[in-house]
Amino acid sequence: MAYGYGIQPAGGGRQGEQGMRRWLVRIGIALLALGVLLAALWGFSRLRGPSAEQRAALALFDQIPEPTGRNAWPLAWLLQWDVPFAELERVAAEDVARFGTLPAVGGSRSVAAERYRDLALLLADEPASCGLGESGCLAHVRSDRQAHAERLSAADPLVDRVEALVDYDYAYTLAPPTVNTPYPSLQWLSLPMTRHALWFVDGEHDRALTGSCRAIAGYRRLATNSNTLLVSMVGVGAIEGQAALLAEMLAELPASHELPSECGEALAPLQPHELGTCQAMRGEWQLGASAIAGMQADLSTAERLQTALVYDQEASDALRAS
């Protein structure tokens, strides 16, 4: 049956309203059920807490072993300043005490800058040192042997300090783990490699081999025993650079040439603990925890209440650890 424009059968309006109400009731029930489900999941997650596996992972990050031996960080931090070795720890400790009061950007300059000679001024820009990630160091030095010799000779005190890093046992930053923690300037690690190549070019073969093997062994220790990922990665780069140079030198020597005793430690098979980054990741864990704490400290009271409803610090730490 056809009806006129806009005309509905009697009772059609009431039926439509009743249908609409039924749908609204259904939607309301669905939303209520969803809310109950979410509340149940929220309560369950809060009551359950981290799993046994996650707690074990958390414990691994909290159990930071005390290092033994000598810490390279004070020397690495003060590398470019002519601070006597006997005063490195004192000056580094003074800098660390100041870090908490310095501005976030551009405020991490050492007090040594005002008290000691800047050895970086002794180093000419050219010719460039061998690159840690580049091959052909011997050819690079041979291409301009005299200029390399003059550049390294003028900066001997700086090169000696960089070379001394490999005599240390670990590299743990003394600075507090914050997002503004300053890092040492490690751009000069290729200077000793260039020096070793120069020695080899000049015929001091055993001296050059000894230098490279000492560097490889030393950076194997430091890269493994560092509590910052950056220092660990730079240490691995130094190992690769020195190992490449050592291979170049051995390729030019007779197979019967006897290696210096220092090469025994350098070329020893890798141990299981050297294949991981446990110590470095523990340091990064502390850095992350400090960053989270810093963000939470800046929240308003209302923001803290809102965060408490949706953010569980222990559960989040457990997820990060696992």
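1. Buried means under 20% relative accessible area, exposed means over 50%, and partly exposed lies in between. Arg 98 has a relative accessible area of 27%, so this residue is partly exposed. Keep that scale in mind for the points below. The model is a predicted one.

2. Start with the overall make-up. The chain has 14 helices and zero strands. Read along the sequence, every element in the pattern is therefore α: α-α-α-α-α-α-α-α-α-α-α-α-α-α. Of its 322 residues, 39% count as buried. The accessible surface is about 18500 Å². Carbon and sulfur atoms account for 60% of that surface.

3. Next, look at which parts of the chain meet. Take the contacts between residues at least 6 apart in sequence. Of these, 82% join residues at least 24 apart.

4. Helix H4 deserves a closer look. It covers residues 88–99, which makes 12 residues. At 1.5 Å a residue, H4 should span 16 Å. Its end C-alpha atoms are 17 Å apart, which agrees.

5. Which residues of H4 are buried? They are Leu 88, Val 91, Ala 92, Asp 95, Val 96 and Phe 99. Viewed down the axis of H4, the buried residues fall within an arc of 140°, so they line one face of the helix. The general pattern behind this is simple. An α-helix has 3.6 residues a turn, so residues three or four places apart point the same way. The buried residues of H4 pack against two helices, H3 (73–77) and H7 (156–164).

6. A charged residue sits among the buried ones in H4. Asp 95 is buried, with a relative accessible area of 0%. What does its side chain meet? The side chain of Asp 95 forms a salt bridge with that of Arg 98, at 3.7 Å from N to O. The two are three residues apart in helix H4, so about one helical turn separates them. Arg 98, at 27%, is partly exposed.

7. The salt-bridge count comes to 13. Side chains of opposite charge can pair when their charged atoms come close. Two further pairs link separate parts of the chain, and they are taken in turn.

8. Arg 142 and Glu 252 meet through their side chains in a salt bridge of 2.8 Å, N to O. Arg 142 lies in helix H5 (residues 137–142) and Glu 252 in helix H10 (residues 229–252), so the pair ties together parts 110 residues apart in sequence. Arg 142 is partly exposed, at 40% relative accessible area. Glu 252 also counts as partly exposed, at 45%.

9. Arg 214 and Asp 167 make another such pair, with a salt bridge of 2.5 Å, N to O. Arg 214 belongs to helix H9 (residues 205–224), while Asp 167 is in the loop between H7 and helix H8 (190–201), so this bridge ties together parts 47 residues apart in sequence. Arg 214 is partly exposed, with a relative accessible area of 26%. Asp 167 is partly exposed at 39%. Elsewhere, salt bridges that share partners join Glu 87, Arg 90, Glu 94 and Arg 115 into one network.

10. Is Glu 163 buried or exposed? At 11% relative accessibility, Glu 163 counts as buried. This residue lies in helix H7. Leaving aside neighbours within four places in sequence, Glu 163 is in contact with Pro 192, Arg 195, His 196 and Arg 214. Arg 214 is the residue that bridges to Asp 167.

11. Now H10. This helix has 24 residues. It reaches 35 Å from first C-alpha to last, close to the 34 Å expected at 1.5 Å a residue. Its buried residues include Val 231, Gly 235, Ala 238, Ile 239, Leu 245, Leu 246 and Met 249. Gln 242 and Glu 248 are also among them.

12. On the surface, there is a nonpolar patch of about 610 Å². Met 20, Leu 24, Ile 27, Leu 31, Leu 34 and Leu 37 make it. Leu 37 is found in helix H1 (residues 12–48). Leu 37 is partly exposed, with a relative accessible area of 48%.

13. One backbone detail remains. Where is the cis peptide bond that has an omega of about -5°? It joins Glu 126 and Pro 127. Pro 127 is found in the loop between H4 and H5.

Technical notes: Residues numbered from 1 in each chain as written. Predicted model: local features only at pLDDT ≥ 70, side-chain atom pairs only at ≥ 80, totals over all residues. Heavy atoms only, no water. Helix = DSSP H or I, 4+ residues; strand = E, 2+ residues; numbered from the N terminus. Expected span 1.5 Å × (residues − 1). Buried < 20%, exposed > 50% of the residue type's maximum accessible area, 1.4 Å probe, protein only. Arc of directions from axis to C-beta. Contact = heavy atoms within 4.5 Å. Patch = residues over 30% accessible without salt bridge, like charges linked within 9 Å, V, L, I, M, F, W, Y side chains within 5 Å. Areas by Shrake-Rupley, 256 points an atom, 1.4 Å probe, with all protein chains shown as cover. Salt bridge = Lys/Arg side-chain N within 4 Å of Asp/Glu carboxyl O.
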